[in-house]
Protein chains: 2
Amino acid sequence: MAAENPNFQNTDPPTVLVHRLPTFDFPPGNRLSTHFHLLDPITSPPTSPVLLHSIRALLCVGPVPVTPETLNRLPSLQIIVGSSAGVDHIDLTECRRRNIAVTNAGSAFSEDTADYAVALLFGVLRRLPAGDRYVRDGFWPVNGDFPLGFKLGAKRVGILGLGSIGSEVAKRLAAFGCSIAYFSRKKKTSVLFPYYENAIDLAANSDVLIVCCALNDETHHIVNKDVMVALGKEGVIINVGRGPLVDEKQLVEFLVRGELGGAGLDVFENEPNVPKELLERDNVVLSPHCSVATPESFEALQDVIIANLKAFFSNKPLLSPVQKD
Amino acid sequence: MAAENPNFQNTDPPTVLVHRLPTFDFPPGNRLSTHFHLLDPITSPPTSPVLLHSIRALLCVGPVPVTPETLNRLPSLQIIVGSSAGVDHIDLTECRRRNIAVTNAGSAFSEDTADYAVALLFGVLRRLPAGDRYVRDGFWPVNGDFPLGFKLGAKRVGILGLGSIGSEVAKRLAAFGCSIAYFSRKKKTSVLFPYYENAIDLAANSDVLIVCCALNDETHHIVNKDVMVALGKEGVIINVGRGPLVDEKQLVEFLVRGELGGAGLDVFENEPNVPKELLERDNVVLSPHCSVATPESFEALQDVIIANLKAFFSNKPLLSPVQKD
């Protein structure tokens, strides 16, 4: 069908293999299929091994793992186009070895994720979901005033990972009168916010820790027991990155023992399972991994995916390549 | 006791009559009683009419009504110091007639209330309390992904009442990439945001309406059926002002019929009672009138109250006088 589209000047659109879990797909009406011939093993008849051998581009929808076994079935693969900001589900070492390029969602989700980090922080400090439950459960007329929340202004906010999401978080919270500091793999010369050499020092000088760095071997459990001790018993942890950035078992223990002030969590170590100890706590806001979930983000994501694939098929520089070192 | 305090140089601290509901009081440890002799009829023995006749200053704690009958018992009254931003519970016409000054909370609550307006907007657009319920009720592992929310950036936000709260709301939402417009009693020459002549025109050009004006005869039900029609079926109403600024009966009908996108409500027409039709709706965030409720706000409020009373007792200009016209 697409071959009859005059935009393609009688050239078949390039074929892209879709790699996804059955539960995860782009919304109907997405624009990808007007530019590419999408081969989706979940909806199409079984794909022949011969065809798989010729596949050059893989579109990875959502956090589906890309393992050496996945790559073994695709010997001609040259690019993996991811649809998320983090690419911890893709074996980057193996991609480097095989010289396969990887792209991510670029900054398509940065604003929405940064917005959501602020929303979660409000949710914890000003107890928004807890207040909403208080009203819905009919406690207001019976028990009277709802307990005080905490002011956002003048809070010292430490940002773990000052990439495109972290930078947007900083911009937003500065408008509320928060002071910002950060820890990243390296100090950014163009940034004026104070830099700390490690997560513990950042936590020791922060009231709130916002976790939005990439997940990799170095950052796994970067928010560990020592960081929680440094943050202190009034401290708040917001995680919009990946669940395993935070030692969840320790987090639960710190919250249960009252050694942390609260947490706003969009991600968990074992999604969609959430530690049951958190379900009854009013100083915790729980969110079903939806920091990026707006129609506007998905439109922006399609732009990024299309741009990366078009660049690849026309030998131009990729829009959002992932550094694999 | 206070008379023995050397700070008072053997002068008795001035007497201030406290006017409050039994359920509403300052938190323990407040600083007011170190500066003034507070006479509180609820905790003290019955106050003699002779003493009441000599009272010059009344401290109004919370939204307790000040009626002509209240004033008749206090013939020497010269000032009413309010503890809230809005003073719709005080009969200003009667105060003007009797030449009684009135002060409000000034800007003590402006930042917290503006923060809360943003938090409620996030709560509606990004479905924060609904997502939190989804996780707590165990739906995530069973039903999978939570429905998409909406991006805050690029939304057209109309602010009803660009006073100290509205101005802080504008500053915050501008940092999220929203465009701002407003309607106030009069166009503000120092403000660059577009001004609309009335609430309907503002609503017609907005995706979100944030209600933060004072409640008086002119603004009662300023958000009426016509404004809701103009805002449209995707429109969102946030109210951090007073319940009666919005025609609540119409609001409920519009939400139930799907003719509004959502609402974030910290105030209601008949608090603490909330329309039961709202209790089951996921596109509504309900809050038990706590937009100003942080310890930091109450500290700032005490500063404002002490400053107003000290100014009054030393014949200096008041810090936050309310215009009674």
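## The annotated stretch of chain A

Over residues 52-322 of chain A, the chain is 36% helix and 14% strand, and the C-alpha atoms at the two ends of that stretch sit 24 Å apart. Keep in mind as you look around that this is a predicted model. The residue range comes from UniProt, where an unreviewed entry carries the annotation "domain: D-isomer specific 2-hydroxyacid dehydrogenase catalytic" for residues 52-322 of chain A.

## Two copies around an axis

Now bring in chain B. Turn chain B by 180°, with a shift of 0.0 Å along the axis, and chain B lands on chain A with an RMSD of 0.0 Å. The two copies are thus related as by a two-fold rotation axis.

Which residue of chain B comes closest to the rotation axis? That's B:P129, whose C-alpha lies 2.2 Å from the axis. As for how the copies meet, 100% of the interface residues of chain B are interface residues in chain A too, so the copies use the same surface to meet each other.

## A sheet in chain B

Chain B has an open sheet of five strands, and reading across it gives the order β2-β1-β3-β4-β5, with parallel pairing. At the edges you'll find β2 (37-39) and β5 (101-103) of chain B, each pairing on one side only. On average, neighbouring strands of this sheet are turned by 25° against each other, if you ignore direction.

Zoom in on one pair of strands. Strand β3 (residues 57-61) and strand β4 (residues 79-82) of chain B run parallel and are joined by four bridges. If you want a spot to start from, B:A57 stands opposite B:I79 in β4(B). There's a helix here as well: α11 (residues 295-313) of chain B packs on the sheet and touches β1 (15-20), β3, β4 and β5 of chain B. The direction of helix α11 makes about 170° with that of β4(B).

## Aromatic rings

Over all chains, the structure holds 19 aromatic pairs. Take A:F122 and A:F176: their ring centres are 5.3 Å apart and their planes stand at 75°, so this pair is edge-to-face. A:F122 belongs to helix α4 (residues 110-125) of chain A, while A:F176 is in the loop between α7 (164-174) and β7 (179-183) of chain A, so the pair ties together parts that are 54 residues apart in sequence. Are these two rings' residues buried or exposed? A:F122 counts as buried at 1% relative accessibility, and A:F176 is buried with a relative accessible area of 2%. The story crosses over to the other chain, too, since ring pairs link A:F122, A:F176, B:F122 and B:F176 into a cluster.

Chain B offers another pair, B:Y134 with B:F139, which is tilted: 6.0 Å from centre to centre, with 45° between the planes. B:Y134 counts as buried at 10% relative accessibility, whereas B:F139 counts as partly exposed at 40%.

## A buried leucine in chain A

Last stop: A:L202, which has its place in helix α8 (residues 199-204) of chain A. With a relative accessible area of 0%, A:L202 is buried. What does A:L202 touch, leaving out residues up to four places away in sequence? The contacts are A:G158, A:I159, A:L160, A:A181, A:Y182, A:F183, A:Y196 and A:L209. For a sense of distance, A:K187 is 15 residues from A:L202 along the chain, and their C-alpha atoms are separated by 13 Å.

Methods:
Residues numbered from 1 in each chain as written. Chains lettered and ligands numbered in written order. Predicted model: local features only at pLDDT ≥ 70, side-chain atom pairs only at ≥ 80, totals over all residues. Heavy atoms only, no water. Buried < 20%, exposed > 50% of the residue type's maximum accessible area, 1.4 Å probe, protein only. Contact = heavy atoms within 4.5 Å. Pairing = 2+ DSSP bridges. Axes fitted to C-alpha atoms, helices over the stretch in contact; angles between N-to-C directions. UniProt positions renumbered as here; feature names shortened; annotations may be inferred. Least-squares fit on C-alpha atoms with pLDDT ≥ 70 in both. Phe/Tyr/Trp six-rings, centres within 6.5 Å; stacked < 30°, edge-to-face > 60°.
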